[in-house]
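Welcome, and thanks for opening the viewer. Please load the structure, switch on the cartoon view, and follow along from stop to stop.

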Amino acid sequence: MLTLTAALTASACSGGGDAPKTDSNTITFMARLFGTAPNPQGEMQQAVEKFLGKKIHVTWVPNAQYSDKINVTLASDSIPQVIDVDPHLPAFVKAAQAGAFWDLTDKIDKYPNLKPADQRTALNSSINGKIYGFYRMRPLLRSAVIIRKDWLEKVGLKEPQTVDDLYQVAKAFTEKDPDGNGKKDTYGLIIPKWPGNYATASPYDVIETWFGAPNGWGRRNGKIVPGFDTPEFLEANKWLKKMVGEGLVNPDFATLDAAKWNEPFHQNKGGMIIDVNIRSRQVLDLFKEDDPEHYGDKVTMVGNLKLSDDKKFSYPFTGYNDVLAISKQSVRTEADLDNVLKSLDKLATKEGQVLLQNGIEGRNFKVENGDTAALINEDDPAVKTIQNDVDNAFTQLSTKGTADIGGIAYQRVPSGEPYKAMLKLQKELMAEDLKTAVHNVGLPVVSPTAVQRGPQIDTIIPDARIKYLSGQLDDEGLKAEIKRWYDSGGTQVTAEMNDLIAKLGPTS
């Protein structure tokens, strides 16, 4: 088994290096990396250290490798003081319940900036009601449909409001030559290969929720049931299967690399993406490079869609993205814990969160209208480095969302009216969709059987869904795979989920 030393060595080429021995003046972290690792002597890290009054050492691990690195690290004898981790990752659940991480449930109130801003999210990120890490807040309602605005105008349709509307738009985008090249080479909806388990915020999960299926786990007839064992789940996938069969979805939906999700949209191949609303900003960036004057004409966005009878079920996320957990291996005493918690509490202040999420005020951003962090000095290479360090790395150490930074909703955006208009639309859609959110009632609890049997059963449903959509399984075949999930341990998982949620009481 590899140890953390090996993991550190593997990440040294991206700026990680070997971790120094820690003391009360140094805090060590392990966190996700989404690009090039920051220079430990760079402006951004120096600014964080100056603010904190301590040295920090961060082992930055590329996101694609993070699950493997976390598993290796948890099995090692050299765990950093603070790690960014999915609180329901089976290896972490086992380690936390075995006492390898500090139980913070009764300690949070002593640190004012670490108190949960939202009790539902705190519960969602717990392990059966116990808090082993400070959740990294994210907006609950981020699901949206990003659409080629110019294509809508070309085919003479309005923005979709219902699932029936989306089908009609997808059909027009496929059949009415929206790119104007005289060829039948476009499709309506772009879906990438989606790795991982069921209920992981995939486009499939969003669509199933629109049709009324539970989001992950939901209550039916007094019991907690998995969303895939409902008529609405099958109805949603029949609808999507029809779209696939008619060529309204990219033919490589089962294999398209998610890292290339924006390419068909930008390259005049596909017209809609169901994902987090921030993707609208990403595609705006691409069109701006092509045409700095008219890029705003290319992209629009709608929120969650209604059914034809006007019923609306909006897909919420968990409200968090990982937690910051504290290792008992490297933080051994209550005094050591207090030292780390005071540092995290300082980073969780308004000033600390603005620094981690936006960068250095006056250097790479300025505040506009009291609520927006607008980019400045965008062409300065050193400033670009700061922005990359924030976006790719340091924001992973933040615990609060943009809407919870001291009551000021900073969201760093480039200059330009299309960006400001999209940000305004994003906030409006999120507020509206929150009214019809379908929450996953199973988030606060972790079934022991799911931890033990997870590797054997977690992919049964996602794999069956892809085979169904591809035509390899019919309705009965899909139902047989659902039965196989139950027979392989799902029956016990369901029973345990019901028992655990009942023990939590009305708070769940």
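## Stop one: a histidine and its neighbours

Select His88 and Ser126: a polar atom of the His88 side chain lies 2.7 Å from the backbone oxygen of Ser126. Keep in mind as you look that this is a predicted model. To place His88 along the chain, find the loop between strand 3 (82-85) and helix 4 (90-97).

Is His88 buried or exposed? With a relative accessible area of 18%, His88 is buried, because buried means under 20%. Now show its surroundings: leaving aside residues up to four places away in sequence, His88 touches Val93, Asn124, Ser125, Ser126, Ile127, Tyr320, Leu443 and Val446.

## Stop two: a pair of helices

Next, select residues 43-52, which form helix 2, and residues 350-358, which form helix 13. Two packed helices are described by the angle between their axes and the distance between the axes. Here the angle is about 170° and the axes are 10 Å apart. Helix 2 is therefore roughly antiparallel to helix 13, since angles over 145 degrees count that way.

Show the side chains where the two meet. Helix 2 brings Met44, Ala47, Val48 and Phe51 to the contact, while helix 13 brings Glu351, Gly352, Leu355 and Leu356. Colour these residues by type and you will find six nonpolar, one polar and one charged.

## Stop three: helix 7

Move on to residues 163-175, the 13 residues of helix 7. How far apart are the end C-alpha atoms of helix 7? They are 18 Å apart, which agrees with the 18 Å expected at 1.5 Å a residue.

Now pick out the buried residues of helix 7: Val163, Leu166, Tyr167, Val169, Ala170, Ala172, Phe173 and Thr174. Add their packing partners to the view, namely strand 5 (143-148), helix 6 (149-155), strand 6 (187-190), helix 8 (203-210), helix 9 (231-245) and strand 9 (270-276). Before leaving, click on Asp177, just after helix 7, where phi is positive at about 50°.

## Stop four: an aspartate in a loop

Finally, select Asp309, in the loop between strand 10 (299-302) and strand 11 (320-326). Asp309 counts as partly exposed because its relative accessibility is 47%. Follow its side chain, which reaches the backbone nitrogen of Lys311 at 3.0 Å.

For a last look across the model, add Gly477 to the selection. Asp309 and Gly477 are 168 residues apart in sequence, and their C-alpha atoms are 30 Å apart in space.

Note on methods. Residues numbered from 1 in each chain as written. Predicted model: local features only at pLDDT ≥ 70, side-chain atom pairs only at ≥ 80, totals over all residues. Heavy atoms only, no water. Helix = DSSP H or I, 4+ residues; strand = E, 2+ residues; numbered from the N terminus. Expected span 1.5 Å × (residues − 1). Buried < 20%, exposed > 50% of the residue type's maximum accessible area, 1.4 Å probe, protein only. Contact = heavy atoms within 4.5 Å. Polar contact = N/O pair within 3.5 Å; in protein donor to acceptor, adjacent residues only side chain to side chain. Axes fitted to C-alpha atoms, helices over the stretch in contact; angles between N-to-C directions. Parallel < 35°, antiparallel > 145°, perpendicular 65-115°, else oblique. Nonpolar A, V, L, I, M, F, W, Y, C, P; charged D, E, K, R; others polar.
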